[in-house]
Structure formats: C-alpha cells, structure tokens
Amino acid sequence: MTTSTENPVRTRRAPACTAELVTDDTAFAALAPAWDRLYRRCSAATPFQSHTWLHSWWLSYGRPGRLRLFLVRGADGELLAAAPLMAVRRPLPALVPLGGTISDYGDVLLDDEHAEGAAAALTGRLAEAARTALIDLREVRPGAAAERIYARWSGPRRRVSDSVCLELPALPMDELIARLPSAKTQQRVRAKLRKLGALGIRRQVVPPAEVDGAVRRLLALHRLQWQGRKVTGEHLRPRFAEHLVRAVGPMVRSGDAVVTEFRLDGDVVAVDVALASPRLAGGYLYGAHPLLRERKADVAVMLLDACAEHVLTGRRGTLSLLRGDESYKHRWRPEPVVNQRLLLARRSTAPLLGAALAQAGARRRAKQLLQRWREREGGGRS
C-alpha cells in the first residue's frame with residue numbers, strides 16, 4: 001500500500017495502533033478486503049460507508065490529488081479505523097467525507113471491539129490534518145462513530161444541524177398501517193394495497209446476476225417518470241448512472257442492497273433500490289412508469305410495502321425514509337432524526353470554522369425566508 005511521504009506512518013496515542021494517510025487511488029482499491037472486514041465490525045456503519053459505495057463514488061466524482069484516507073491499524077496490521085475524506089478548496093479549505101451529496105449519511109468507521117484506542121489514534125491523526133484545513137463532517141447520523149471523534153476533539157469544534165431523515169420502526173406493513181392517525185386513513189391505505197393486487201402488480205427481488213440490467217431500467221424509468229417535472233438533476237447525469245450501476249451489483253451480492261422489480265402484465269413498470277445495513281434499511285432510489293399513475297396505483301405505498309419486508313427479512317431495527325421532509329412521508333408518522341454537521345479545527349484554522357458557521361447560518365436564513373414566501377404565495381392562491 002502506498003502512503004503519503006509527507007505524512008509517514010507513526011505510532012499515535014494508543015501504543016498498539018499506528019495511523020497512516022493514503023492518497024493513492026490504486027491503494028484505495030486494494031483496501032477493499034480489509035475495509036469490508038472493518039465495515040462489518042462497525043455497528044454504526046450505514047451502506048454509505050461500505051468500500052463498494054465509496055470507491056465507486058470516487059471513480060465517478062473524485063478529483064486527482066484530493067483523496068485523503070486516514071487509517072488506523074492494530075499491531076497485527078488489521079484495519080481498526082478509517083476516515084474516508086477528500087480535500088476541497090472552495091468555499092473553504094476543508095476535508096470533507098467521500099460520498100458527497102448523493103449519500104444520505106457520512107461517517108468514519110471504528111472497530112467496535114477496539115473503538116476507544118482506534119478513536120484516539122484517528123483523532124490524533126485528524127488533528128494534525130486540521131492544522132491546514134477544516135474537518136467538515138456532513139450528514140452524521142445520531143449515534144454515528146464520528147461522534148467519538150467529536151467527543152475527543154480538544155481544539156475548536158462546533159455541531160450544527162444538517163438534513164432531516166424520517167425513520168419508522170421495523171414493523172410488518174399491517175402494523176405500520178395501524179400507526180396511522182385515523183381509522184379512515186388506515187382503511188384508505190388498505191384499499192390502495194388491494195388496488196395494487198387487483199391491478200395484477202407483482203414484485204420480485206432481482207437476483208445478483210440480473211442487477212446491472214435492472215438498475216439501468218430503474219434509471220430509464222426514473223428519467224421517464226420525472227420528464228417535464230422538477231427532479232434532482234444529479235440523478236440524470238451519466239456519472240451518477242455509472243456509479244449506481246457499478247456499486248449496486250456488488251452491494252447486492254454482499255447483502256448491502258436489494259433491488260426489486262415490479263411487473264404489470266409481464267412488463268417491468270417500476271424498479272427500486274433499497275440499501276441495507278445491520279442497523280437500518282431504506283429505499284434509496286426508484287423509477288416508475290407513468291402508467292402506474294394513470295392506473296391510480298399508489299407507488300409510495302407499493303414501495304413502502306416492499307421495503308418493510310426487506311427490513312423484517314434482515315432483522316434490522318429501523319426502516320429509514322432517508323433524507324427529505326416531504327409531506328407524503330409524514331402520513332406514516334415517522335420520527336424525524338436530524339443529521340449533524342461536525343466541524344473540527346485547530347487554533348490556526350479556527351477562522352475557517354467561523355466562516356463555515358457564518359455560511360451555514362446565511363443559508364439557513366435564506367431557506368427560512370424562501371419557505372415563508374412560498375407559504376404566503378400558496379395561501380394567496382388558495
């Protein structure tokens with residue numbers, strides 16, 4: 001494995017641990033087996049911290065010379081911690097998580113059995129890096145491994161709110177329906193499920209050998225369903241398609257993803273990708289043919305029914321609706337869980353932390369003003 005000559009391997013706070021910085025793309029690829037073992041030993045990990053997801057993302061979105069993988073190894077050479085970051089220069093010099101905006105959660109990895117020593121070594125290595133750049137950890141889920149780094153940080157630090165994720169308990173669909181606020185609403189959802197059956201919509205989990213084709217069908221259906229409507233533009237870009245096709249197949253084989261196809265009269269009319277870890281599972285992206293709307297099929301109910309089954313099959317504790325505070329999600333009475341943004345600095349980079357906080361505050365105020373304007377406009381039209 002190649003390591004940065006500027007940052008050689010050194011023994012850190014925990015005597016049994018050594019920390020290193022990897023900046024080479026080839027070395028990143030070669031880390032897959034050790035990374036996967038660490039990922040399985042980190043109970044806080046989500047699928048967005050798997051090597052498959054992150055390395056695929058880097059191949060599509062990474063920039064040469066920006067890779068910064070901070071690693072901690074035990075005395076036997078086994079990987080005990082990893083902070084997958086990249087260097088950015090704008091709007092501020094910072095180290096930010098790999099995975100970018102297409103990942104719902106960002107985090108570091110810590111071996112559960114050696115979490116204290118590994119966290120100490122990783123914190124020390126990151127503190128060195130923070131002399132010249134802000135450590136800006138986005139979309140950190142409550143209970144994430146990165147919170148151990150934040151707790152140990154001795155320099156300037158701040159925690160601010162990031163995106164909202166909505167979460168449901170891992171329950172069968174019947175019990176999720178029973179959580180709905182009124183008997184009338186429950187009856188309506190059950191009627192929608194019966195409608196799906198009456199239409200003859202059948203779902204099937206896609207076997208690993210057929211996943212690549214299914215993901216390509218998903219992307220084509222996704223583009224079709226949002227044609228002429230507001231959509232996340234990145235999901236339509238070739239680099240995103242390359243990443244998703246490349247990542248999902250291996251994740252299905254390792255149990256970190258499930259792809260489901262929905263057929264009507266023998267034709268595929270919807271495809272859904274759900275990502276899964278021991279702690280949670282959630283639908284990541286789907287594509288649905290406009291024909292389903294024309295047939296008055298409730299696609300949201302159809303997808304939730306399938307995802308609830310995946311959660312139960314894997315004995316996971318949480319059914320995550322992932323990021324986004326859309327109104328249709330709230331009818332299920334989910335718990336809002338706010339991701340955190342952890343900002344870590346040294347005295348020399350404290351001004352960068354202040355600037356980041358000022359920018360975040362300005363964006364938050366602008367968003368609030370826009371929301372109030374939309375509410376006023378909506379009220380005026382009603």
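**Entry 1: strand 7 and Glu-139**

I began with strand 7, residues 134-140, and looked up Glu-139, which has its place in that strand. In this predicted model, Glu-139 shows a positive phi of about 55 degrees although it is not a glycine. I then asked whether Glu-139 is buried or exposed. Its relative accessibility is 9%, and since buried means under 20%, Glu-139 counts as buried.

**Entry 2: Asp-265**

I turned next to another residue with a positive phi, Asp-265, which is not a glycine either and has a value near 55 degrees. I found Asp-265 in the loop between strand 10 (257-264) and strand 11 (267-276). With a relative accessible area of 63%, and with exposed set at over 50%, Asp-265 is exposed, whereas Glu-139 is buried.

**Entry 3: the Arg-90 to Pro-91 bond**

I checked the backbone at Pro-91, where the peptide bond from Arg-90 is cis, with omega near 0 degrees. Pro-91 is found in the loop that runs between strand 4 and strand 5 (94-97). I note as background that most residues other than glycine have a negative phi, and that most peptide bonds are trans.

**Entry 4: the nonpolar cores**

Which residues touch the most other members of the largest nonpolar core? I find that they are Trp-35, Trp-53, Leu-122 and Tyr-284, in a core that holds 95 residues. Strand 4, residues 79-88, gives the most to this core, contributing eight residues. Apart from it I noted another core, of 18 residues, which includes Leu-180, Val-189, Ala-274 and Ala-276.

I followed Tyr-284 further and, leaving aside neighbours within four places in sequence, listed its contacts as Phe-48, Trp-53, Ile-102, Asp-104, Phe-240, Leu-244, Val-273, Ala-274, Leu-275 and Leu-322. One of these, Trp-53, is itself among the residues that touch the most other members of the largest core, while Ala-274 is listed in the core of 18 residues.

**Entry 5: helix 8 against helix 9**

Phe-240 and Leu-244, both in contact with Tyr-284, led me to helix 9, residues 238-253, which packs with helix 8, residues 211-225, at an angle of about 140 degrees and with the axes 9 Å apart. The two helices are therefore oblique to each other, and helix 8 passes helix 9 in a right-handed crossing.

From helix 8 the contact is made by Val-211, Asp-212, Val-215, Arg-216 and Leu-219, and from helix 9 by Phe-240, Ala-241, Leu-244, Val-245, Val-248, Gly-249 and Val-252. I sorted the residues of this contact by type and recorded nine nonpolar, one polar and two charged.

Technical notes
Residues are numbered from 1 along each chain as its sequence is written. This is a predicted model: local features need pLDDT of at least 70, side-chain atom pairs count only at pLDDT 80 or more; totals for chains, interfaces and linings use all residues. Side-chain values use heavy atoms; hydrogens and water are left out. A nonpolar core is a set of buried Ala, Val, Leu, Ile, Met, Phe, Trp, Tyr and Cys residues joined through side-chain atoms within 4.5 Å. Buried means under 20% relative accessible area, exposed over 50%, partly exposed in between (1.4 Å probe, protein chains only). Helices (H or I, at least four residues) and strands (E, at least two) are DSSP runs, numbered from the N terminus. Contact means heavy atoms within 4.5 Å. Axes are lines fitted to C-alpha atoms, for helices over the stretch in contact, and angles run from 0 to 180 degrees between N-to-C directions. Angles under 35 degrees count as roughly parallel, over 145 as roughly antiparallel, 65 to 115 as roughly perpendicular and the rest as oblique. A crossing is left-handed if the near helix is turned anticlockwise from the far one by less than a right angle, and right-handed if clockwise. Ala, Val, Leu, Ile, Met, Phe, Trp, Tyr, Cys and Pro count as nonpolar, Asp, Glu, Lys and Arg as charged, and the others, Gly among them, as polar.
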